[in-house]
Amino acid sequence: MRRLLLAVVVVLLGAGVLAGPAREAGAAISLEKCTLCHGKPEFRKLLVDGHIRELYVTADTLKGSVHEKKTCTDCHFDVAEIPHRERPKRVACTHCHFKGNKEGAPQSDNVLAYFDSAHGQAIARGNPKAPLCQDCHGSHAVMKAKTPESKVSRFKVAETCGRCHMEIYAQYKTSIHGVMLAKGVGDVPSCPGCHGEHRIFKHDDPQSSVFATKVSEQCSKCHASIAIMSKFGIDVEPAATYKESFHGVASQFGSRTVANCSSCHGVHDIRPPDDPLSMVNPKNVPKTCGKCHPGASANFAVGKMHVDAKKKEAGIIYWTATFFKWLTIGTMLALIVHIFLDMYGRTRRLRGEQ
Amino acid sequence: MAENDRKDVTQEAVGREVEAAVNDQLAGLPPEQADAMRERIRRRVQEEMERELRARTSKDRREAARLAREALRKEKQHEEGEMFQRFNRNFRFQHMVMFSSVIILIVTGMPLKFPEFVLSRWVITFLGGIKNSTIVHRVGAGMLIYFMVHHLLYTVLTRDGRRDFWLLLPGLKDAKDIQQNIRHFLGKTPEKPRFGRFSYIEKFDYWAVYWGCIIMIGSGLFLWFETDVLRFLPKYTLDVAHEMHSDEALLATLAIVIWHFYNVHFNPDRFPGTLLWWHGQLSEHEMREEHPLELEEILARRAKEAAEVTHR
């Protein structure tokens with residue numbers, strides 16, 4: 001009886017002593033343990049809505065990513081049991097990527113910008129569809145944006161955004177910007193070119209880089225640059241003439257209803273004017289102008305749209321401007337000379353001269 | 001004069017009273033001490049009295065100053081002579097409508113031409129945004145159009161309007177007047193040109209407004225009713241209208257601010273401006289200086305009428 005009791009005590013003690021390290025080992029589940037299940041190619045889960053969640057992960061999954069040297073539980077740190085009692089939580093990148101972290105994980109203020117953005121705010125409101133870091137940057141294949149294979153690289157980011165914004169992506173792909181991007185032209189904007197990277201806001205939010213009053217500024221970043229536009233043989237004049245036109249001036253004074261670049265040229269479906277589908281194709285101009293000027297006729301398309309009165313090509317407009325320029329100079333010169341002569345005469349008479 | 005007299009009389013009476021009282025008090029003292037004391041008291045009393053008098057007479061003095069001003073004005077008026085009605089009520093009303101509308105149009109229009117200028121932003125913000133400023137601009141435009149119609153009807157339908165129209169037409173005399181005026185400015189001739197009812201300066205102002213109104217109202221209506229205009233005309237006509245509107249606006253503003261303001265506000269004869277626009281009258285003196293021929297005509301007509309009356 002005593003021996004039995006002793007044996008029980010010893011076993012219990014032993015279990016107690018061994019339990020500590022055993023738990024440590026459990027917290028850092030090795031890759032091998034994960035791939036025991038996740039390494040099977042057919043390891044997937046059928047969700048209630050019919051979607052299939054692929055759960056296949058191997059030792060090569062992280063290869064080539066910036067997290068090459070990490071293992072599963074470095075990010076999935078809430079996984080402590082196999083099989084998992086609950087579905088593991090979504091990975092929180094800020095677990096490592098915060099300022100002053102010991103891991104040396106890079107951190108910029110982009111994460112803060114993200115929390116303010118439309119996406120971050122949607123997450124904060126509990127929208128399960130709103131994107132977290134990994135939705136754009138990739139979950140396992142996280143790469144630097146400059147790496148061409150990265151999901152946020154210049155040529156791939158539009159596709160990444162398009163995973164959620166499908167219709168817009170489809171429009172963009174057929175637009176001149178999308179077509180040129182597909183041809184490998186790096187100068188054209190994809191989504192972040194106009195909307196920003198982390199500071200993405202809805203277009204009707206005044207903070208947005210594509211808010212009505214900021215659109216022309218956004219387009220002008222490239223379209224007012226001779227260095228960029230000369231590569232494609234596109235005129236930079238429209239950016240300046242828009243700014244001087246009534247539309248441009250009203251926009252500078254904060255009008256949100258006045259036409260900006262995209263009111264006429266389109267938003268995601270911008271096409272060159274000679275494209276019959278373009279909103280600024282002469283055939284479509286009446287319809288486009290008619291959005292704001294109801295009853296716009298075909299005459300809206302007769303004559304250059306972005307016309308610069310200072311250039312001779314403007315024709316009659318140039319001659320009108322020139323006529324008034326010289327009329328003003330001539331008249332004012334004559335009047336001012338008359339005023340000064342009058343003052344000179346008065347001074348003479350004050351001095352008592354005749 | 002009257003003020004000073006009264007002041008002296010009061011002063012003397014009070015002075016005598018005080019002297020008597022002081023003499024009573026100082027009767028027992030030695031003469032030197034009494035004299036010194038009397039002198040000090042006298043000075044103090046004088047100061048007190050002056051202070052009191054100042055307070056008591058300030059009202060009187062204000063009244064006196066007013067009378068003096070009145071007298072001066074009358075004296076000046078005598079020099080200026082009779083007042084001649086130069087512009088009738090109708091004409092003054094037209095001018096008021098026009099300058100109000102032009103001020104409104106310039107204030108709301110110029111920011112569109114110079115959007116980068118700091119004041120432009122202030123004006124638009126003050127009016128509550130570009131939408132409001134465009135509405136205010138159209139109100140101003142409506143007033144200017146009304147003025148134009150009113151003036152055309154005035155020119156055609158009223159006797160004064162018709163007479164002024166013919167007198168406003170430029171002629172050979174104006175060219176001579178310009179030449180002589182410049183010679184006069186330069187001191188080549190002591191005689192100023194003798195102007196009739198309208199000098200070449202006034203004729204220029206009048207026809208400048210005519211030209212300005214035609215250009216601004218014409219092009220402005222193009223821009224106002226752009227869709228309707230483009231139903232019949234190509235788009236570049238709208239661009240031409242826009243260019244005209246913008247350029248003529250600048251010319252008109254400069255002409256008003258520099259030329260017209262110099263002639264009616266900043267020149268030393270007028271500074272800071274006269275009430276001619278309000279009462280429409282010029283004094284005989286001013287008439288003789290600026291419109292001698294018209295004055296002669298008026299006086300001749302009067303003499304003729306008087307003669308006719310006596311004949312009858």
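Which helix of chain A is His265(A) found in? I looked this up before anything else, in what is a predicted model, and found His265(A) in helix H15 of chain A, which spans residues 261-265.

**Entry on His265(A).** I asked next whether His265(A) is buried or exposed. I counted 22 C-beta neighbours inside 10 Å, and because the cut-off for a buried residue is 20 or more, His265(A) counts as buried. Setting aside residues up to four places away in sequence, I listed Ile270(A), Met279(A) and Val280(A) as the residues that His265(A) touches. I also took the C-alpha separation between His265(A) and Ile339(A), which stand 74 residues apart along the chain, and noted 51 Å.

**Entry on the peptide at Pro83(A).** I recall that most peptide bonds are trans. I therefore noted with some care that Ile82(A) and Pro83(A) are joined by a cis peptide bond, with omega at about -10°, and I placed Pro83(A) in the loop that runs between helix H3 (72-75) and helix H4 (110-116) of chain A.

**Entry on the contact between the chains.** I found that chain A brings 39 residues to the contact and chain B brings 34 residues. On the side of chain A that touches chain B, helix H14 (246-252) and helix H17 (316-350) of chain A are the elements that give two or more residues, and H17(A) gives the most, with 18 residues. Sorting that side of chain A by class, I obtained 22 nonpolar, 13 polar and four charged residues.

**Entry on the cores.** I then went through the largest nonpolar core, which has 43 residues, and saw that Phe300(A), Ile317(A) and Leu144(B) touch the most other members. H14, helix H16 (285-290) and H17 of chain A, together with H3, H5, helix H8 (200-224) and helix H10 (235-266) of chain B, each supply at least two residues of this core, and the largest share, nine residues, comes from H10(B). For Ile317(A), leaving out neighbours within four places in sequence, I recorded contacts with Val307(A) and Ala309(A), and also with Tyr236(B), Asp239(B), Val240(B) and Glu243(B). Another core, of eight residues, lies apart from the largest one, and I noted Val215(A), Cys219(A), Tyr242(A) and Cys261(A) among its members.

**Entry on a helix pair in chain B.** How do helix H3 (residues 89-113) and helix H5 (residues 130-157) of chain B pack, and at what angle? I read an angle of about 155° with the axes 8 Å apart, which means that H3(B) is roughly antiparallel to H5(B). The crossing in which H3(B) passes H5(B) is left-handed, and the residues of their contact divide into 13 nonpolar, eleven polar and no charged.

Key
Residues are numbered from 1 along each chain as its sequence is written. Chains are lettered from A and ligands numbered from 1 in the order in which they are written. This is a predicted model: local features need pLDDT of at least 70, side-chain atom pairs count only at pLDDT 80 or more; totals for chains, interfaces and linings use all residues. Two residues are in contact if their C-beta atoms, placed from the backbone, lie within 7 Å. Helices (H or I, at least four residues) and strands (E, at least two) are DSSP runs, numbered from the N terminus. Ala, Val, Leu, Ile, Met, Phe, Trp, Tyr, Cys and Pro count as nonpolar, Asp, Glu, Lys and Arg as charged, and the others, Gly among them, as polar. Axes are lines fitted to C-alpha atoms, for helices over the stretch in contact, and angles run from 0 to 180 degrees between N-to-C directions. Angles under 35 degrees count as roughly parallel, over 145 as roughly antiparallel, 65 to 115 as roughly perpendicular and the rest as oblique. A crossing is left-handed if the near helix is turned anticlockwise from the far one by less than a right angle, and right-handed if clockwise. A nonpolar core is a set of buried Ala, Val, Leu, Ile, Met, Phe, Trp, Tyr and Cys residues joined through C-beta atoms within 7 Å. A residue is buried if 20 or more other C-beta atoms lie within 10 Å of its own, exposed if 12 or fewer, and partly exposed in between; C-beta atoms are placed from the backbone.
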